[in-house]
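User: I've got this one open in the viewer and want to talk through how the pieces pack. Can you take a few questions?

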Amino acid sequence: MSLLRALADRDRVFDFMTPRATTVDVRHGPILYLEDVTVSFDGFKAINNLNLTIDDGELRCIIGPNGAGKTTMMDIITGKTRPTQGSVWFGSRHNLLNMNEPEIASLGIGRKFQKPTVFEALSIFENLELAMAADKRILPTLTARMSGEIQDRIEEVLATIGLTELRHRPAGILSHGQKQWLEIGMLLMQKPRLLLVDEPVAGMTEQEMERTAELLTSLAGKQSVVVVEHDMGFVRSIARTVTVLHQGSVLAEGSMDQVASDPKVVEVYLGADEKELA
């Protein structure tokens, strides 16, 4: 029996028809799995027979040298890139390869890119309000009134991202790190079940990196979090399980200490990055 057939057993079905506010049940096993995924661009295999499983509520770090396939992997999960072959499932009911980007996002898969994108002229509060999962058609948006539930959700997210005291300040005055936290907060307003975070600490101060580590580790269990990062010190500070990609495939997987001592990983990171793994 293949991995996909085993996971599709009725006893392991995820019920995504329930409200997204439902507490994450980590007993259900994998929430995301990629099996034998390959992506070819003009004969070059950016992803080569990739197999990856993410558990419900897990915090996973993905590392690898430039060109390892990390960004392409996230593009596949979010529907931006279609693989040449393979299977990609969210739970056991949703074949992501049969869905477009908006449909995948509506399932509860959120992605944060490296460069923060916020509405700088609007306040932090207004940014979070706009990001709320709701009917975004013109008429409902114009006639919408803030309910107590939305207000409570915004207050909860403000506390999570540490920007409560700045709620009425324009987003444009925030530091780079604070803008990153705000964008994470905007994704949290949509109550994702899976959050993909690309190089969250690039350009941050050491203090901001420490706060970001606290933020991401606090989210684990509430949603699954996949962090792609080059800063090995930061990865070590948050890592529970680390997956190393190389040439589009999984090279190694385990704790940070396990992958850092793997001869194959050391060979891939020869040079400046090798010191960072130590």
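User: Helix α2 lies across several strands, so at about what angle does α2 run to β7?

Analyst: This is a predicted model, so take the geometry in that spirit. Helix α2 covers residues 70–77 and lies across β3, β6, β7, β8 and β9. Relative to β7 (194–198), α2 runs at about 150 degrees.

User: And which strands does helix α8 lie across?

Analyst: Helix α8 spans residues 206–219 and runs at about 145 degrees to β8. The strands α8 lies across are β3, β7 and β8.

User: Which strands stand at the edges of that sheet?

Analyst: The sheet is open, with six strands in the order β6-β7-β8-β3-β9-β10 and mixed pairing. Two of the strands have a single partner each, so one side of each is left without a neighbour in the sheet. Those edge strands are β6 (109–112) and β10 (249–254).

User: Which residue in β10 does Leu245 stand opposite?

Analyst: Strand β9 takes in residues 241–246. β9 and β10 pair in the antiparallel sense over five bridges. Opposite Leu245, in β10, stands Val250.

User: Is Thr81 buried or exposed?

Analyst: Thr81 sits in the loop between α2 and β4 (85–90). Setting aside neighbours within four places in sequence, Thr81 is in contact with Val39, Phe41, Asp75 and Ile76. Its relative accessibility is 14%, and the cut-off for buried is under 20%. So Thr81 counts as buried.

User: On to helix pairs: are α4 and α6 parallel, perpendicular or oblique?

Analyst: α4 (residues 124–131) and α6 (residues 148–161) pack at about 120 degrees, with their axes 10 Å apart. Roughly perpendicular covers 65 to 115 degrees and roughly antiparallel starts over 145. That leaves α4, relative to α6, as oblique.

User: How many nonpolar residues does the contact of α4 with α6 have?

Analyst: From α4 come Ile124, Phe125, Leu128 and Glu129, and from α6 come Gln151, Ile154, Glu155, Val157 and Leu158. One residue in this contact is polar and two are charged. The nonpolar count is six.

User: How far apart are the axes of α6 and α8?

Analyst: α6 and α8 pack at an angle of about 130 degrees, and they are therefore oblique to each other. Ala159, Thr160 and Ile161 of α6 make the contact with Arg211, Leu215 and Leu219 of α8. The distance between the two axes is 9 Å.

Notes: Residues numbered from 1 in each chain as written. Predicted model: local features only at pLDDT ≥ 70, side-chain atom pairs only at ≥ 80, totals over all residues. Heavy atoms only, no water. Pairing = 2+ DSSP bridges. Helix = DSSP H or I, 4+ residues; strand = E, 2+ residues; numbered from the N terminus. Contact = heavy atoms within 4.5 Å. Axes fitted to C-alpha atoms, helices over the stretch in contact; angles between N-to-C directions. Buried < 20%, exposed > 50% of the residue type's maximum accessible area, 1.4 Å probe, protein only. Parallel < 35°, antiparallel > 145°, perpendicular 65-115°, else oblique. Nonpolar A, V, L, I, M, F, W, Y, C, P; charged D, E, K, R; others polar.
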